[in-house]
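Q: I would like to learn how to read burial, strand pairing and helix packing from a set of coordinates. Please take one feature at a time.

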Amino acid sequence: MSKIHAAITAVNGYVPDYVLTNAELETMVDTSDEWITSRTGIKERRILKGEGLGTSDMAVHAVNGLLKKRGIDAKEIELIIFCTTTPDFTFPATANVLADKIGATNAWGYDLQAACSGFIFGLSTGASFIESGRHKKVLVVGGDKMSSIINYEDRTTCIIFGDGCGCALLEPNEEGLGIQDSILRTDGSGRDFLGMKAGGSVMPATHETIDARLHFAHQEGPTVFKFAVTNMADVAAEIMERNGLTADDVAWLVPHQANKRIIDATANRMGVTTDKVMINIERYGNTTNGTIPLCLWEWESRLRKGDNIVLAAFGGGFTWGSVYLKWAYDTN
């Protein structure tokens, strides 16, 4: 009997309508389009507007579109892994909220928190449920409403992040296609350099924590940049070496859209030319868990069955990882 691989059989994405441009940010903080573009590659990002709307509301758009494309009903989904840093609530899980909103009444689910590496971690763990034979349809969602935890008076963070959500369906494949390998890493000593200081059990919300603006994302840019460049590039090169891949073998690199300079460093480390690198950071910024599935969604029509694809990410905390997969379908 052939080994069962977990293959992506459908992808979809959603970004909100509102466009926050660098020009608008110039009116909010001490920055400029030239400063932002030269350091990050970002020209604009999307923001979810509307009272009472959360990350799950973007996921509803993305997942309903995926179900329509794949031609299946939400009741066929068995497991939802919702990768997010900005859940609708501390609890219940956003996976539960999403299941209710889309009518996935036969699914169980959970949230996965690995900051910007979340979708990589979600794909790898979701694949385990397919490879073991326990489930045949696993939905992996990556999405964040980063605008809900961004201080728009802090130019070190507000220029970077945007809102968006993407998703992928994992199903069994016996042709040797799908996820081939993954490398996942964490280093909790990085918690002081990128994270949110208050709101957890260590420092619950108080009047003082709110006044001190401790419920916003905090980043020490130079330290994070140094770790991200090294670890994201190294883990992508490591998964190539472990699987005997050369740069010519790789059809596409799908990097987390953190910073154009980090993306370039990763591609250079792999020896992959820029025409093989998915980049949309100039239009969406860093959507955290949403970046990689949004790239797959936008490039889906250009992907071919059997393409070797390397995903790579780095996130707060620190987390980082890479997935090597063989694309499983052609898009007509």
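A: We can start with exposure. This is a predicted model. Lysine 75 has a relative accessible area of 47%, so it counts as partly exposed, a class that lies between the buried limit of 20% and the exposed limit of 50%.

Q: Where does lysine 75 sit in the chain?
A: Lysine 75 belongs to the loop between α3 (55–70) and β4 (79–83).

Q: Which residues does lysine 75 contact, beyond its neighbours within four places in sequence?
A: Those contacts are Gly103, Thr105 and Asn106. A C-alpha distance can be read alongside the contacts: lysine 75 and alanine 99 are 24 residues apart along the chain, and their C-alpha atoms are separated by 9.3 Å.

Q: Is threonine 94 buried or exposed?
A: A residue is called buried when its relative accessible area is under 20%. Threonine 94 has 0% relative accessibility, so it is buried. Threonine 94 is part of helix α4 (residues 94–102). With neighbours within four places in sequence set aside, threonine 94 touches Ser56, Phe82, Thr84, Pro87, Asp88 and Asp111.

Q: How many residues of strand β7 are buried?
A: The same test can be applied along a whole element. In strand β7 (residues 163–173), 10 of the 11 residues are buried, so the strand is largely enclosed by the rest of the structure.

Q: Which strands does β7 pair with?
A: Pairing is read from the bridges and from the relative direction of the strands. Strand β1 (residues 5–14) runs antiparallel to β7 and is joined to it by nine bridges. Strand β6 (residues 138–145) is also antiparallel to β7, with eight bridges between them. Individual bridges give the register: alanine 10 is partnered with leucine 169 of β7, and lysine 145 lies opposite aspartate 163 of β7. As a general point, side chains in a regular strand alternate between the two faces of the sheet.

Q: At what angle do helices α8 and α9 cross?
A: Helix packing is described by the axes, their angle and the residues in contact. Helix α8 (residues 221–242) and helix α9 (residues 260–270) have axes that come within 9 Å and cross at roughly 30°. The two helices are therefore roughly parallel, a term used for angles under 35 degrees. Their crossing is right-handed.

Q: Which residues make the contact between α8 and α9?
A: From α8 they include Phe225, Val229, Met232 and Met240, and from α9 they include Arg261, Ile262, Ala265 and Met270. By class, the contact residues of α8 and α9 are 11 nonpolar, one polar and three charged.

Notes: Residues numbered from 1 in each chain as written. Predicted model: local features only at pLDDT ≥ 70, side-chain atom pairs only at ≥ 80, totals over all residues. Heavy atoms only, no water. Buried < 20%, exposed > 50% of the residue type's maximum accessible area, 1.4 Å probe, protein only. Helix = DSSP H or I, 4+ residues; strand = E, 2+ residues; numbered from the N terminus. Pairing = 2+ DSSP bridges. Axes fitted to C-alpha atoms, helices over the stretch in contact; angles between N-to-C directions. Parallel < 35°, antiparallel > 145°, perpendicular 65-115°, else oblique. Left-handed = near helix turned anticlockwise from the far one by under 90°. Contact = heavy atoms within 4.5 Å. Nonpolar A, V, L, I, M, F, W, Y, C, P; charged D, E, K, R; others polar.
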